[in-house]
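Ready for some practice at reading a protein model? Work through each exercise yourself before you look at the solution.

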Amino acid sequence: MPTLLSAALLAGAQTTSERLESLQRQLQQQRRLGAGQREELERLRANIQNLTAQQRQTLTRLDTLAESVADLENQTAVLAARVALAERQLADTTAQRGLTERRVVRLQGDVRELLDALYRERSGRYLQLLSQSANLSDLLIRLRYANLAGQHNIEVIETLRGAVQTLTAQQAQERQQAATLQGLQTRRLARLEDLRDRRAEQQTLLASLRRSEQGQRTLAAQTQAEQALTARTIDGLVGAVVRERARLEAERRRRLEEERQRREAELRRIREAQERARQEALRLARVRAEQERQARLARERARAEAEARARAQAEARAQAAREAALAAQRQREAQLRSEREALAQRQDQVQQEAAQVERQLAPLPSVSGPVGFPLPGGSVTQPYGANGAQWVVLGAPDGTPAVAALDGNVIATTYYASLGWVVLLDHGPTVTAYFGLQDARVGVGERVARGTPLGSVGGSPIFGPGRMAFQVNSVSGGARRPVAPPF
């Protein structure tokens, strides 16, 4: 029989928790046919008259394939969840690396300008500044400001060194995450290929049985035997999840809280970077204003001394140097604008993700309202209680999406060979269960709103094409009581 979808991967979660792994093992054991259930299945098969050895062998092979298909379905879903998480982590790292790259480029420009200035004239200016001191007190003041300027230069270089180290670490992390993602995608493709092969063999065996009247009776008896075990399977699955519901919710909230704290820390880092960029923009504005003032003074002097050709040529050279400095200043300002725009964009993205986490953490309403019809456009084909069933069977064209009957949290998504995909939602005082889906469009731990698509109908050989089963459970603590839905 199948394995439970073990990757209940919420945003930021790296591994499945021990509690969820424990629940997974429990549900695996409950889903597998026990010795008593196997005996019951064999006893029902024994009632089929004139069953040939080849047909018995075919049925045994179908059982094995059903278990294999269910295992592969769940493994594929686990890998899909891990791929989605790896893609998100890689996107986050790439975005952070982009911010760091912009900062490094800007800081490199600052350091280049600093080194150029030191090479051209800075040491001479220091000596000139100190030599013009009027007295000892003036000398000390001038020396202090010279030291402050030197400290600022050192801080710029140290900031660049730290930013480069951060960038190197982010690039290494990005490469590692990309390799992990590629490995997961390769494994997922391999599982999908295996799944296609198993399903193809299943269809071949089923077709061989349908070709004869006796084979058709054999399949009917097989379906009857599985139907006899369906109620027990559903009861075990829903009961186990309800008993573990409190622990599942605590684990879900723990992971979301970790994600919330991580997003808050990133927002703090972004705000700090924005403040640094703002201060740098102010500094650049002051520098540019001073450059423009010096340029105006130089032009005025040039006009006054235009008669002296040598001085005019020198002034032309100085003017060219100032224009080059202004061009470099404009380039740094453009780099700073790019950095600030990237910071603002990343801030918006992180704020949206943080708001989503807050919504996920919000408690469920104490009163969720009436249970909605979970199959829009469908109808009831078997009412609650028919033949002792504790669920209602609904019908609609194959592929019609089943939807959440109430706002709630997803507490289980798993695949059964006989039931197809199963989704369980927690609504507080109520737990709803959706059986017979072709796929699962939600993951464990997600918050879903009423009307959210959960999967397409028609995935269960027990309920048949275009069919699904729906169950409503009234929950008190770890106890549950199936109740008739209000339709």
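Both R263 and E259 are buried. Keep that pair in mind, for it returns in the third exercise. The model in front of you is a predicted one.

**Exercise 1. Get an overview of the chain: how many helices and strands are there, and where is the confidence lowest among the elements?**

Step 1. Begin with the secondary structure, which comes to 7 helices and 10 strands.

Step 2. Next, look at the confidence. The chain has a mean pLDDT of 77, and 74% of its residues reach 70 or more. Among the elements, helix α1 (residues 18-31) has the lowest mean pLDDT, 46, while strand β3 (residues 401-403) has the highest, 97.

Step 3. Check the start of the chain. Over residues 1-27 the pLDDT stays under 50, and the model has 86 contacts for this stretch beyond four places in sequence.

Step 4. Finish with burial and surface. Of the 487 residues, 44% are buried. The accessible surface comes to about 25,500 Å², and carbon and sulfur atoms account for 51% of it. Among contacts with a separation of 6 or more, 76% link residues 24 or more positions apart.

**Exercise 2. Follow strand β5 (residues 420-426): which strands pair with it, and how many of its residues are buried?**

Step 1. Look on one side of β5. Strand β4 (residues 408-416) runs antiparallel to β5, and 7 bridges join the two. A hairpin of 3 residues leads from β4 to β5.

Step 2. Find facing residues in this pair. N409 stands opposite D426, and V410 has L425 as its bridge partner.

Step 3. Now turn to strand β6 (residues 430-437), which is also antiparallel to β5 and is joined to it by 5 bridges. Here V423 stands opposite Y434. The hairpin between β5 and β6 has 3 residues between the strands, and G428 in the turn has a positive phi of about 95°.

Step 4. Return to β4 and look for another partner. β4 pairs with strand β7 (residues 447-448) in the antiparallel sense over 2 bridges, and G408 has V448 as its bridge partner there.

Step 5. Count the covered residues. In β5, 7 of 7 residues are buried, and in β4 the count is 9 of 9.

**Exercise 3. Look along helix α6 (residues 245-304): which side chains meet in salt bridges, and how covered are they?**

Step 1. Recall a general idea: side chains of opposite charge can pair when their charged atoms come close.

Step 2. Take R260 and E257, whose side chains meet at 2.2 Å, N to O. These two residues are 3 apart in α6, so about one helical turn separates them. With a relative accessible area of 19%, R260 is buried, because the cut-off for buried is under 20%. E257, at 24%, counts as partly exposed.

Step 3. Go back to R263 and E259, which form a salt bridge at 2.8 Å, N to O. Both lie in α6, 4 residues apart, about one turn of the helix.

Step 4. Move on to R278 and E275, which meet at 2.9 Å, N to O. They too lie in α6, 3 residues apart, about one turn. R278 is partly exposed at 36% relative accessible area, and E275 is partly exposed at 35%.

Step 5. Widen the view. Salt bridges that share partners join R88, D92, E259, R262, R263, E266, R346 and E353 into one network. A search of the whole structure finds 23 salt bridges.

**Exercise 4. Explore the largest nonpolar core: how many residues does it have, and which element gives the largest share?**

Step 1. Count its members and pick out the best connected. The largest nonpolar core has 30 residues, and those with the most contacts inside it are L425, Y434, L454, M468 and F470.

Step 2. Ask where the core residues come from. The elements that give two or more residues are α3 (53-131), β2 (392-395), β4, β5, β6 and β9 (467-476). The largest share, 5 residues, comes from α3.

Step 3. Look for another core. A second, separate one has 22 residues, including L248, L424, V431 and F463.

Step 4. Set this beside a general tendency: in soluble globular proteins, nonpolar side chains tend to be buried together.

Notes
Residues numbered from 1 in each chain as written. Predicted model: local features only at pLDDT ≥ 70, side-chain atom pairs only at ≥ 80, totals over all residues. Heavy atoms only, no water. Buried < 20%, exposed > 50% of the residue type's maximum accessible area, 1.4 Å probe, protein only. Pairing = 2+ DSSP bridges. Core = buried A, V, L, I, M, F, W, Y, C linked by side-chain atoms within 4.5 Å. pLDDT = per-residue confidence, 0-100. Contact = heavy atoms within 4.5 Å. Areas by Shrake-Rupley, 256 points an atom, 1.4 Å probe, with all protein chains shown as cover. Salt bridge = Lys/Arg side-chain N within 4 Å of Asp/Glu carboxyl O.
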